[in-house]
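Reader: I would like a close look at a single part of this chain, one helix and its surroundings, before I think about the rest. Could you take me through that part carefully and then connect it to what lies around it?

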Amino acid sequence: MKSQPLRVAILGAGYIGTDLLIKIQRSLHLQCVLVVGRNQVSAGLRRALKMGYSITDGGIAALVDQSHTFDLVFDATDAHSHQEHWNQLKPLGKVMINLTPSRSGHMIAPSINGDEILNHANISLISCGGQASVPIVNALSGLFPSIPYIEVVTTAASPSVGRGTRLNLDEYIEITEIAISTFSKASQVKAIVNLSPAKPPPIFRVAISMMTDEADPTTVKAAVRKAAAQVVTFVPGYHITACEVFKSGQVFVAVEVQGRGDYLPSYAGNLDIINAAAIMVAERYATRAAASCQ
Ligand SMILES: NC(=O)c1ccc[n+]([C@@H]2O[C@H](COP(=O)([O-])OP(=O)(O)OC[C@H]3O[C@@H](n4cnc5c(N)ncnc54)[C@H](OP(=O)(O)O)[C@@H]3O)[C@@H](O)[C@H]2O)c1
């Protein structure tokens, strides 16, 4: 018997929300029943309507009013709004996938702790830089007894970053540093973000520099390759462009993510890496819901 897809809603119809909607259309396990914004004339809401989706500009109040229509919400607004959104949805028993860098929610990087998804109703997807770097730093942390310092520099093309992202850059830095530190156990962590106005827009990339004890290049490269291969299973455009091990013990890894070009051109891998993670997490709930109906 064919199972029903999980009914989902998207809160925030900006760059992330719109790219996510296009990706959800391809999912066999998810059905978007509502796209929620706060401004009827926003490009994202108009586009969703044109694509045939139900929309509302009533924000969280409208979402609560229509809570019987969905099971899971993706929050693609901004970090300052997220906590209030979760406060309103939690008593209704909804699952929330938080794509903002608010500190609320259990941090998930699907290739590392994806098994923990079903134990939590509020999932934090950290940040685009976090999703790109955490699998690598986590893999390398297994090779060294201690890591004194990790620095992660994320470069995203300015035209791929909406106002919501720009409003919460401090929170982006904070949650990215927390995630790198949690998943690597490094003593000191620094996250830096560059919204590049260069033309043509640069592809989304992350440069990871790590101080370690003396490192064996072959072991390091094998660990990085293995971690990347796990991410590629759900983010096809994820690839390692450099992996260098210096005699001083410094390790440098560069990652690029080529997007599928769903909403923005393929340089916008920042949209793809977090939205692919969001869909993977939501599909786990969908599979569980389907199994419990059998
Ligand atoms: N772009 C990226 O590369 C990226 C990657 C990973 C994560 N993120 C995170 O995703 C979030 C969205 O980023 P974005 O680049 O998509 O920004 P965006 O284009 O400005 O999208 C945010 C959307 O949410 C709407 N919104 C804000 N507060 C709302 C509320 N309380 N109720 C309903 N709608 C609300 C905004 O409406 P208005 O138009 O009325 O302001 C806007 O349409 C940010 O937290 C960002 O840090 C972004």
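Author: Helix α1, which runs over residues 15-25, is mostly covered in this predicted model, with nine of its 11 residues buried. The buried set consists of Ile 16, Gly 17, Thr 18, Asp 19, Leu 20, Leu 21, Ile 22, Lys 23 and Ile 24, where buried stands for a relative accessible area under 20%. The partners against which these buried residues pack are the strands β1 (6-11), β2 (30-36) and β4 (72-75), together with the helices α2 (43-50) and α10 (269-293).

As for the wider setting, the domain assignment divides the chain into domain 1, made of 6-125 + 272-293, and domain 2, made of 128-267. Taken over C-alpha atoms, the centres of the two domains are 25 Å apart, and 29 residues of domain 1 are in contact with 33 residues of domain 2. An unreviewed UniProt entry also annotates residues 7-102 as "domain: Semialdehyde dehydrogenase NAD-binding"; in the model that span is 39% helix and 23% strand, and its end C-alpha atoms lie 24 Å apart.

Turning to the open spaces, the largest pocket has a volume of about 990 Å³ and is lined by 45 residues. Tyr 15, with which helix α1 (residues 15-25) begins, is one of the lining residues that lie nearest the centre of this pocket, the others being Gly 14, Ala 76, Thr 77 and Gly 164. Helix α7 (residues 163-167) gives the most to this lining, with four residues, and domain 1 and domain 2 each supply at least three. By class, the lining of the largest pocket comprises 22 nonpolar, 20 polar and three charged residues.

The second largest pocket holds about 290 Å³ of space, and among the residues nearest its centre are Arg 26 and Phe 234, with Arg 260, Ala 276 and Ile 279 completing that group within a lining of 15 residues. Helix α10, one of the elements against which the buried residues of α1 pack, provides the largest share of this lining, namely six residues. The classes here are six nonpolar, four polar and five charged residues. Because domain 1 and domain 2 both give residues to the lining of the second largest pocket, this pocket lies between them.

Technical notes
Residues are numbered from 1 along each chain as its sequence is written. This is a predicted model: local features need pLDDT of at least 70, side-chain atom pairs count only at pLDDT 80 or more; totals for chains, interfaces and linings use all residues. Side-chain values use heavy atoms; hydrogens and water are left out. Buried means under 20% relative accessible area, exposed over 50%, partly exposed in between (1.4 Å probe, protein chains only). Helices (H or I, at least four residues) and strands (E, at least two) are DSSP runs, numbered from the N terminus. Contact means heavy atoms within 4.5 Å. On a 1 Å grid over the protein atoms alone, a cavity is a set of points where a 1.4 Å probe fits but cannot get out, and a pocket is an open set with protein on both sides within 12 Å along at least five of seven lines; lining residues have an atom within 4 Å of a point. Grid points are joined across faces, edges and corners, and a volume is the space filled by probe spheres set on the points. Ala, Val, Leu, Ile, Met, Phe, Trp, Tyr, Cys and Pro count as nonpolar, Asp, Glu, Lys and Arg as charged, and the others, Gly among them, as polar. Domain bounds come from an automatic or database domain assignment. UniProt positions are given in the numbering used here, feature names are shortened, and annotations may be inferred rather than shown by experiment.
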